[in-house]
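Hi,

Here is the structure I promised to pass on. Have a look at it first, and then read my notes below.

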Amino acid sequence: MASIFQPLIQAFKIPDLRKKILFTLGALVVFRFAAHIPLPGVDNQALKQLFAANQLLGLLDIFSGGTLANFSILALGLNPYINASIILQLLMMVFPKLEELSKEGAYGREQINQYTRLLTVPLAVVQSIGIITILRQQTPPIINNLDVVSLVAMILTMTAGTIVVMWLGELITEYGIGNGISLLIFAGIVGRLPITFFQTLSVAETFDPMNLIVFVAMSIMVVAGIAYVNEATRQIPISYARRIRSGKNVGGGNSYLPLRVNQAGVIPIIFAVSLVLLPSFAGQYLQGANNAKLADLGHSLVTIFNPDQLAYNLSYFLLVMIFTYFYTAVTFNPEKIADEIKKHGGFIPGIRPGKPTSAYLNRILSRITLAGAVFLGLIAILPSLARGLTSVSTMAIGGTGILIVVSVILETSKSLQAQLVMRNYDEFIDR
């Protein structure tokens with residue numbers, strides 16, 4: 001733990017890095033302040049009760065940065081931006097021109113970012129309409145009857161809130177430390193911890209000392225496991241042949257190709273959440289239908305896909321595994337890696353260059369991806385496992401939230417270390 005915070009302590013001693021850190025902290029304070037400015041026409045007490053009873057909405061609240069539970073002006077948070085980013089990544093598989101554009105250095109990345117921003121706006125409008133519709137269908141309705149002007153104003157406010165959060169994230173990325181989008185989600189998750197902690201203290205049945213001891217032990221093991229798996233890699237040895245140019249030996253040597261166990265990060269969980277929530281939301285919508293058969297179907301969907309049911313957790317686990325393989329296949333192409341190794345005169349010892357190398361990498365990647373997929377699947381259903389083992393329902397371990405928190409801390413720590421190394425190198429050159 002000390003090694004994680006050591007770069008932060010050293011960075012405060014350097015003026016420009018201290019400025020970056022303070023800018024990041026200031027932007028996070030602005031984000032958390034805006035997250036508590038409520039939208040008018042919302043029954044906040046009924047909203048809190050709904051989120052306390054509906055764990056599915058709690059999953060969406062994680063990716064909004066903790067703003068959806070308050071239904072503030074930033075209610076949608078980063079959900080539309082994340083969805084737009086995922087859609088653009090999928091479109092790169094369909095349209096080769098987009099893939100080529102993404103490889104054109106800084107210009108290509110800026111164009112992809114611009115497309116992502118433009119796609120975020122209509123997605124924010126659609127998601128705001130969907131959330132308002134769901135909240136108006138609750139009994140009693142959480143959003144009071146609104147006229148057309150008030151409804152349009154609420155949709156525009158929620159859309160503008162998403163744009164503001166996206167802008168804050170990009171400012172942090174450019175002028176602060178680390179990835180701004182990840183840090184905003186991190187701030188939202190951490191900001192909810194005191195609330196859930198005091199909720200746990202206020203519930204009498206959760207004061208069983210043994211349950212709390214088990215809960216704390218699980219928390220420590222989960223954090224340690226996430227940190228270990230997140231950093232775990234399979235090192236593939238690469239050897240480079242020596243070549244003679246102008247009578248001199250050129251090249252040679254050995255290196256490693258690191259293949260991460262968790263190659264896909266948290267993206268498969270986001271994909272899986274989007275699908276596993278659909279039956280429940282569809283069921284909630286159908287429950288209000290006038291047709292008795294549709295209402296019964298809606299009730300069945302809500303019951304079967306309750307987070308405490310086996311069908312929900314099994315579907316969630318399998319979807320996470322499927323999307324882990326899918327996303328890894330999208331982001332890591334063994335054929336291209338094999339061609340690059342061959343182009344630079346490298347080879348894997350005992351494996352012929354070209355297609356045999358590609359097949360070998362694909363076989364290794366499939367095996368370590370299985371471990372990563374099982375790991376992410378267990379993280380996804382961890383809240384249900386924690387509730388079953390500890391009976392602590394108000395502060396169940398949010399596996400996805402912990403995964404994001406640990407990943408962001410490690411990523412930001414590495415970013416600080418890189419900044420420190422660069423500045424130490426500059427000082428060495430100046431001498």
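A quick definition before anything else: a residue is called buried when its relative accessible area is under 20%, exposed when that area is over 50%, and partly exposed in between. Please also keep in mind that this is a predicted model.

Let's begin with the inside. The largest nonpolar core has 56 residues, and the members that touch the most others are L184, I226, I269 and Y316. Both domains feed into this core: domain 1 (15–206) and domain 2 (210–391) each give at least three residues. There is also a second, separate core, made of 18 residues, with F71, A75, I131 and I143 among them. As background, nonpolar side chains in soluble globular proteins tend to be buried together.

Next, the aromatic rings. How many aromatic pairs does the structure hold? There are 3, and I'll walk you through some of them.

Take F23 and Y175. Their ring centres are 5.9 Å apart and the planes meet at 65°. An angle over 60 degrees counts as edge-to-face, so that is the label for this pair. F23 sits in helix α2 (residues 15–34) while Y175 belongs to helix α8 (residues 148–175), so the contact ties together parts that lie 152 residues apart in sequence. Are these two buried or exposed? Neither: F23 has 34% relative accessibility and is therefore partly exposed, and Y175, at 45%, is partly exposed as well.

F323 and F326 form another pair. Here the centres are 6.5 Å apart with the planes at 75°, so this one is edge-to-face too. Both residues are in helix α14 (residues 310–331), 3 residues apart, which means about one helical turn separates them. Now the opening definition comes in handy: F323 has 16% relative accessibility, so F323 counts as buried. Its partner F326 comes out at 31% and is therefore partly exposed.

F326 turns up again on the outside. Together with L90, M93, V94 and F95, F326 makes a nonpolar surface patch of about 450 Å². Which helix gives the largest share of that patch? Helix α5 (residues 79–94) does, with 3 residues. F95, on the other hand, is found in the loop between α5 and α6 (96–102). With a relative accessible area of 45%, F95 is partly exposed.

If you open the model, F326 is a handy place to begin, as it belongs both to an aromatic pair and to the surface patch.

Cheers

Definitions and conventions:
Residues numbered from 1 in each chain as written. Predicted model: local features only at pLDDT ≥ 70, side-chain atom pairs only at ≥ 80, totals over all residues. Heavy atoms only, no water. Core = buried A, V, L, I, M, F, W, Y, C linked by side-chain atoms within 4.5 Å. Buried < 20%, exposed > 50% of the residue type's maximum accessible area, 1.4 Å probe, protein only. Domains from an automatic or database assignment. Phe/Tyr/Trp six-rings, centres within 6.5 Å; stacked < 30°, edge-to-face > 60°. Helix = DSSP H or I, 4+ residues; strand = E, 2+ residues; numbered from the N terminus. Patch = residues over 30% accessible without salt bridge, like charges linked within 9 Å, V, L, I, M, F, W, Y side chains within 5 Å. Areas by Shrake-Rupley, 256 points an atom, 1.4 Å probe, with all protein chains shown as cover. Salt bridge = Lys/Arg side-chain N within 4 Å of Asp/Glu carboxyl O.
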